[in-house]
Amino acid sequence: MDTDNIQVSIADSLTDVFYYLKTMPGLKITGACTNLKEFPKKMLSVRGLKELSEITRNENYIEAGSAVTITKLMLQGKTKLPAFFYEALNSIATSQIRNLATIGGNICSEDIKGTLYAPLLALDARLIFQTETETTAIPISKFSLDKGFRLLTKVRIPTDEWDIAEFCRLGESHHLTEKSASYVFLASVENSVLTRVRLAFANLQGARFTNFENRIVGSRLPLEKKNISSIITDAGFEYDKYFSYSKNNPFMKEEFLRLITYSLNKIS
């Protein structure tokens, strides 16, 4: 690849970031560039920027700066992070790449949803965006890549406890491809009743299956076999609504339904 015409700038502060965004059309914000297939012509590195590299915690969530590396986030430990989320972090590529790759870069992957997308959807994580004048928090379910003058500064990760928490990554372990996907099923149980349910899946797109969640929340365990069959069928219809390209990739839908079948049978 011809790199002679690539222009790389380095931000020393958030003020720098917003200045560059306003004055350099077509600028792409980058960190370690571990997800980039092709370098853009204009790059702004925020790697190491202090404001984006810190982790804070309270009793309800962990807030990680968008430039926090996967390894640094893992150092919070299994006891402070949801166990399935730690598993998702640990499934990303190799330890060398995790030392470089950032949570912001994983979320903002353009072609394929990163490994953490489904776990963050299931947790109903919030993304904190900043402009020169205001700060806004939005659910990750409302996120879309923004070409404007706002910057993803933090990721707010709820640390709720779940009785059942399953994560599965599909595809190659070291690379994201069209065959890559992440699956998450979460449930809370009280007196043999499902009180909370979350289901998320992501590959080229990402989705929370709210109709599925609403249908089975309140169900008494164990689920009846005939009900499981009906639930899985409806989940397949819901998958087709979210993943419009699924007819061109039947394998991915089959894997999704296989994982749901496993999850439902496990709690029944």
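In the predicted model, four strands form an open sheet in the order S9-S10-S11-S12, and the pairing within this sheet is antiparallel. Strand S9 (164-170) and strand S12 (206-208) stand at the edges with a single partner strand each, so that one side of each is left without a neighbour in the sheet. Neighbouring strands of this sheet are turned against each other by 10° on average, direction ignored. As a general point, the strands of a sheet pair through backbone hydrogen bonds, either in the parallel or in the antiparallel manner.

Within this antiparallel sheet, strand S10 (residues 181-190) pairs with strand S11 (residues 193-202) over 9 bridges. Two opposite positions illustrate the register of this pair: Leu 186 faces Arg 198 in S11, and Ala 187 stands opposite Val 197 in S11. The hairpin of S10 and S11 has 2 residues between the strands, and in this hairpin Asn 191 takes a positive phi near 50°. On the other side of the pairing order, S11 and S12 are joined by a hairpin through 3 residues, and these strands pair in the antiparallel sense over 3 bridges, with Phe 201 standing opposite Ala 207 in S12. Strand S11 is mostly covered, since 8 of its 10 residues are buried. Helix H9 (residues 250-266) lies across S9, S10 and S11, and runs at about 160° to S9.A second open sheet contains 3 strands in the order S1-S3-S2, with parallel pairing. The edge positions are held by strand S1 (7-10) and strand S2 (28-30), each of which has a single partner strand, so one side of each is left without a neighbour in the sheet. On average, and with direction ignored, neighbouring strands of this parallel sheet are turned by 30° against each other. Strand S2 pairs with strand S3 (residues 42-45) in the parallel sense over 3 bridges, and Lys 28 is found opposite Met 43 in S3.

Attention then turns to empty space in the model. In general, such space is shown by rolling a probe the size of a water molecule over the atoms. The count comes to 1 cavity of 30 Å³ or more, and the largest cavity holds about 40 Å³ of space. The residues that line the largest cavity are Lys 113, Gly 114, Thr 115, Arg 169, Leu 176, Ser 180, Ala 181, Ser 182 and Ala 202, and by class this lining divides into 3 nonpolar, 4 polar and 2 charged residues.

The second largest pocket has a volume of about 170 Å³. Its lining includes Arg 57, the residues Thr 79, Lys 80, Leu 81, Pro 82, Ala 83 and Phe 84, and also Thr 159, Asp 160, Glu 161, Trp 162 and Ala 165. Sorted by class, the lining of the second largest pocket has 6 nonpolar, 2 polar and 4 charged residues.

A single loop residue may also be described. Asn 99 is placed in the loop between helix H4 (95-98) and helix H5 (103-107), and because its relative accessibility is 41%, Asn 99 counts as partly exposed. When its neighbours within four places in sequence are left aside, Asn 99 is in contact with Arg 47, Thr 69 and Thr 71. The C-alpha atoms of Asn 99 and Ser 109, which are 10 residues apart along the chain, are separated by 17 Å.

How values were computed: Residues numbered from 1 in each chain as written. Predicted model: local features only at pLDDT ≥ 70, side-chain atom pairs only at ≥ 80, totals over all residues. Heavy atoms only, no water. Pairing = 2+ DSSP bridges. Axes fitted to C-alpha atoms, helices over the stretch in contact; angles between N-to-C directions. 1 Å grid on protein atoms, 1.4 Å probe; cavity = no way out; pocket = protein on both sides within 12 Å on 5 of 7 lines; lining within 4 Å. Points joined across faces, edges and corners; volume = space filled by probe spheres on them. Nonpolar A, V, L, I, M, F, W, Y, C, P; charged D, E, K, R; others polar. Buried < 20%, exposed > 50% of the residue type's maximum accessible area, 1.4 Å probe, protein only. Contact = heavy atoms within 4.5 Å.
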